[in-house]
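Please open the model in your viewer and keep the selection panel at hand. We will go from one selection to the next, pausing at each stop to say what is there.

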Amino acid sequence: MGNKRIVWSKIWPPIAVLAGLLACWQAAVTGGVFDQWIVPSPVSIVQEAVKIWPRLMEHTAATVQLTLLGFVGGSAVGFVLAALLHLIPGVRTGVYPLLVLSQNIPIIVIGPILTMLLGYGLLPKVLLVMMVCFFPISVAMFSGLANPDAQLRNYFQMIGISKWQLFWRLELPHATVHLFSGLKIAASYSVLSAVVAEWLGTKKGLGSFMLISSKGFMPERVFAAVIIIIALSLTLFGLVNLAERLFIRWRPVKEAE
Amino acid sequence: MMSDRTENHPNTLQVQMIRKQFGKGLASKEVLGGLSLSVADGEFVSIIGPSGSGKSTLFQVIGGLEKPSSGEIWLDGKETTGERGHISYMPQQPALLPWQTVAGNIEFSLTVSGVDRKATKLKTKEWLERIGLDEYADAYPHVLSGGMLQRVSFLRALLAPQHLMLLDEPFGALDALTRLQMQQWLMSIWEENRRSVLLITHSIEEALFLSDRIVVLSASPAVVLKEFIVPFVRPRSEALWTDPRFNEMKQQIYELLKVGVREGVCSHGGIN
Ligand SMILES: Nc1ncnc2c1ncn2[C@@H]1O[C@H](COP(=O)(O)OP(=O)(O)OP(=O)(O)O)[C@@H](O)[C@H]1O
Ligand SMILES: [Mg+2]
């Protein structure tokens, strides 16, 4: 009971502020501060969204599919690469610095090259999203694997732990905390990069829907798509957070906050 | 009482002329300078030495984490120089896996030490009950106090099947009162379950209270300055603290350490 009340007391202020902002927006548009056909009012956005709901959901489904494929695929590749880099010392010294450097490349710019090479199908888009997700995860995971508590490592080596046991029972669990911070970054990136990938050319997905709507001077539709994209991004981030809570129960509550 | 036991049994641990040098050439530093000592079966031996003299390094060598520059380690009559997994160990910090419960931690360490998984479960439960921590069996380590954590850490070392226990300043991070309680606690458990123990400590009182023999090391490069047989009968109690012989020995060891440190400083330009 008390707990619920605390949660509620944390939630309502931002919601009130948001509602206030929306009201101002609505008032500004109806009051004639902006032109309807440049900045639509919240009410008209909702009306338009309801009208084209089935189509909107079709596009949403396409974007969700692309996002999830890229996110899961990129995470898996990032995870495996980090583990390999960690376990094969020779590769580590050569590849890891490059990996860190490559984080600074805006992957999105590779998009047109991928389409050029692989056409307009699903594959180049998934690849693009994968590449975006892959870096934060492999870097976070690798640094997590590389430095677990030195005292723990020393203790277990003293009692004769094998390299495999060290990896599975000490380094990997330690790295999961880092893995989740990488997953959170990748989650936000993945929705964004899926939308950008859809700009590169396709008929399906919220990205292309936005593009077509804005070319056709239908601002309500553009705004509706943007709101759904934001919602998707927040949802994915929330799911990763939830998974983290479920997975890392052993952490002291204060630290987890 | 202890001494006839030790004479009839082979040594659990034999450290023979161990030298350990870190680095090469001009930058090299000799930390262990030909150090020999032994621990008999069921004997409790303490090592006292100046800070930075190489005590932990000696443990790393015995545990097989560091290869000695020369010299040999023998455990239970077999040479084990550079081999891991022959000892049980209790470090200064508890070193419990934060993502494992208390019982899970003990069980995992025991399986690493080669105990059958099923056997670990029963044993762990039984012993946690015995030391009054059974209600924490399924708790994560961060819930426990420093003293409780060290008791778990000690239990984990005690239950391991290896004959020799290495304890590296096990109570160094605890407050004075908890430390005293832990010493008595460890004493009572050890007196019931005699194991071969090699303990590193900074406290002369602790060494006198717990051990059968005390080995005093010099500053680096560490060699054995002197060994003291601790004559007090077991079971020992707090009454020992006021025994005049206790204080006399304490004074002797203290004087010896003072000289050892000074020599170390003169010849090597400083200690940690
Ligand atoms: N891997 C290493 N490389 C280089 N020097 C080292 C290494 N390990 C230890 N040393 C040096 O060896 C010396 C002895 O260190 P050690 O930790 O064994 O001392 P100690 O007696 O355990 O000290 P304390 O009482 O403070 O715990 C120190 O001067 C330290 O700098
Ligand atoms: Mg030390």
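## Stop one: a sheet in chain B

Begin by selecting B:L75 and B:K78, for B:K78, which belongs to β5(B), is the bridge partner of B:L75. This is a predicted model, so please read every value on this tour as computed from it. Now widen the selection to strand β4 of chain B, residues 70-75, which runs antiparallel to β5(B) and is joined to it by two bridges. Both strands belong to an open sheet of four strands in chain B, whose order is β2-β1-β4-β5 and whose pairing is antiparallel. If you colour β2 (29-40) and β5 (78-79) of chain B, you will have marked the edge strands, each of which pairs on one side only.

## Stop two: the two domains of chain B

Next, give separate colours to domain 1 of chain B, which covers 4-86 + 164-268, and to domain 2, which covers 98-161, as the domain assignment has them. The C-alpha centres of these two domains lie 26 Å apart, and twelve residues of domain 1 of chain B are in contact with twelve residues of domain 2 of chain B. Between them the two domains bury about 1,100 Å², with carbon and sulfur atoms accounting for 73% of that area. Select B:M165, B:W185 and B:R195, which supply 41% of the area that domain 1 of chain B buries against domain 2, more than any other three residues.

Which residue forms a salt bridge with B:R130? Select B:E192 to find the partner, and you will see that the closest N and O atoms of this pair are 3.3 Å apart. Across this domain interface of chain B there is one salt bridge, and there are also four residue pairs in polar contact. On the side of domain 1 of chain B that touches domain 2, the elements giving two or more residues are β7 (164-168) and α6 (176-192) of chain B, and the largest share, six residues, comes from α6(B). By class, the residues of that side divide into eight nonpolar, two polar and two charged.

## Stop three: the two domains of chain A

Turn now to chain A and colour domain 1 (1-34) and domain 2 (40-256), following the domain assignment. Their centres, taken over C-alpha atoms, are separated by 30 Å, and the contact takes four residues from domain 1 of chain A and six residues from domain 2 of chain A. The area buried between these domains of chain A is about 410 Å², of which 75% comes from carbon and sulfur atoms. Select A:W25, A:Q26 and A:V29, the residues of domain 1 that lose the most area to domain 2, together 91% of what that side buries. The count of salt bridges between these two domains of chain A is zero, although two residue pairs are in polar contact across their interface.

## Stop four: where the chains meet

Finally, show both chains together: 19 residues of chain A are in contact with 24 residues of chain B. About 2,200 Å² is buried between chain A and chain B, and carbon and sulfur atoms give 67% of it. Select A:Y155, A:M158 and A:W250, which supply 36% of the area that chain A buries against chain B, more than any other three residues. Between the chains the count is five residue pairs in polar contact, while there are zero salt bridges. As a last selection, take α7 (150-158) and α8 (163-199) of chain A, each of which supplies at least two residues of the side touching chain B; α7(A) gives the most, with seven residues.

Notes: Residues numbered from 1 in each chain as written. Chains lettered and ligands numbered in written order. Predicted model: local features only at pLDDT ≥ 70, side-chain atom pairs only at ≥ 80, totals over all residues. Heavy atoms only, no water. Domains from an automatic or database assignment. Contact = heavy atoms within 4.5 Å. Buried area = accessible area lost by both parts, 1.4 Å probe. Salt bridge = Lys/Arg side-chain N within 4 Å of Asp/Glu carboxyl O. Polar contact = N/O pair within 3.5 Å; in protein donor to acceptor, adjacent residues only side chain to side chain. Pairing = 2+ DSSP bridges. Nonpolar A, V, L, I, M, F, W, Y, C, P; charged D, E, K, R; others polar.
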